[in-house]
Amino acid sequence: MPDTPRRLAALYALGALLLLGQALWHYLVADYGRILLPALLAPLLLIAALMRLGQQETARLSAYLALVCGYLLVATSLPGEGALPTLWLGLPALLTLLLLPLGPATLLNLSLAPVWLLLADGALTPELVVAYLALVGAGGLAPWGMRHHQALLAATDPRDDECPALKPLPLLEGLESEVERAELLGQRLAVVVLYLPQLEMAGEQFGGAARRALLEALCATVAEQSRDHDRLGRLEPATFWLVLPGTGESGALLVRQRIEAAAASRRLAEIGDLEVRGATCLHTPGHTFMALRQRLEATGQRLADG
């Protein structure tokens, strides 16, 4: 989700406020020996909240910083007798699974298992070891299931990973179906080939955000200037095909001109005016899908060569 970094930063900031409240409470009840730790950890969580809003590298570091704060709080609460330390035992494992990816989280939980078990019970009893390992395993099922579900969605989603256009395989399958339909019903079929010459430059000079903004701008422009049943697909990183069923040469030329004109009037931050190169190809009755595909690929290569 796009707002996930802000939500995590807000949670870190809330944790810092709770730690400040805990330090104030210890001061009010005259428990001065327990004021220092929450008072020191609160600024660290605030720093983690600010780092979470930064780049990917600082975001990862913020997770480890928040994890260290949680570990220190749990480590000071575990030593003691009774059932309460055992209750605290599961917190570091679950906190690790929430803040880190599944692989590093599981490895870290297993590596720190002797530390938490000794702090909780003073001895590595078999019952406690089995309970801790079961908690780590059960806690990892949820992120594993989410990753499996996301991988399944990514494998079956016909849309491109960076923009709303179709992936190459669904695009080619849809185009082949349209060719068969045009041959069977005697209808016209046209394809507009679009090329983004600024895409490589945008990614190299301004990063992935500018690259995605450029792709989103093209897809939005095409959607505004085409019909609902027209299909836009991304065959190569900077080459797109717009399949226009039931469209002749004049209609395809008009669509291409509208897209180029609308793109020229769209201005992007850092990149400038959106530049699109276009060309049209018509399906010739009696020719196969492979013949049309070869002409489209040659047209795209010609546009890329300038």
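Here a biologist asks and a modeller answers about a predicted model.

Biologist: What are the ground rules for this model?
Modeller: Residues are numbered from 1 along each chain as its sequence is written, and side-chain values use heavy atoms, leaving out hydrogens and water. In this predicted model, totals for chains, interfaces and linings use all residues, side-chain atom pairs count only at pLDDT 80 or more, and local features need pLDDT of at least 70.

Biologist: How many helices and strands does the protein have?
Modeller: Both are DSSP runs numbered from the N terminus: helices are H or I with at least four residues, strands E with at least two. The protein comes to 13 helices and six strands.

Biologist: Is the protein spread out or a compact globule?
Modeller: The globule rule is 2.2 Å times the number of residues to the power 0.38, and the radius of gyration is taken over C-alpha atoms. The rule gives 19 Å for 306 residues, but the radius is 29 Å, so the protein is more spread out.

Biologist: What share of the 306 residues is buried?
Modeller: Buried means under 20% relative accessible area, with a 1.4 Å probe and protein chains only. The buried share is 38%.

Biologist: Which cysteine sulfur is closest to that of C219, and why is there no bond?
Modeller: A disulfide needs two cysteine sulfur atoms within 2.5 Å. C219 is buried, at 8% relative accessible area. Its closest cysteine sulfur is 3.8 Å away, too far for a bond, and belongs to C163.

Biologist: How many disulfides does the whole structure hold?
Modeller: The sulfur of C281 is also too far for a bond, 20 Å from C219. The search of the whole structure finds zero.

Notes: Buried < 20%, exposed > 50% of the residue type's maximum accessible area, 1.4 Å probe, protein only.
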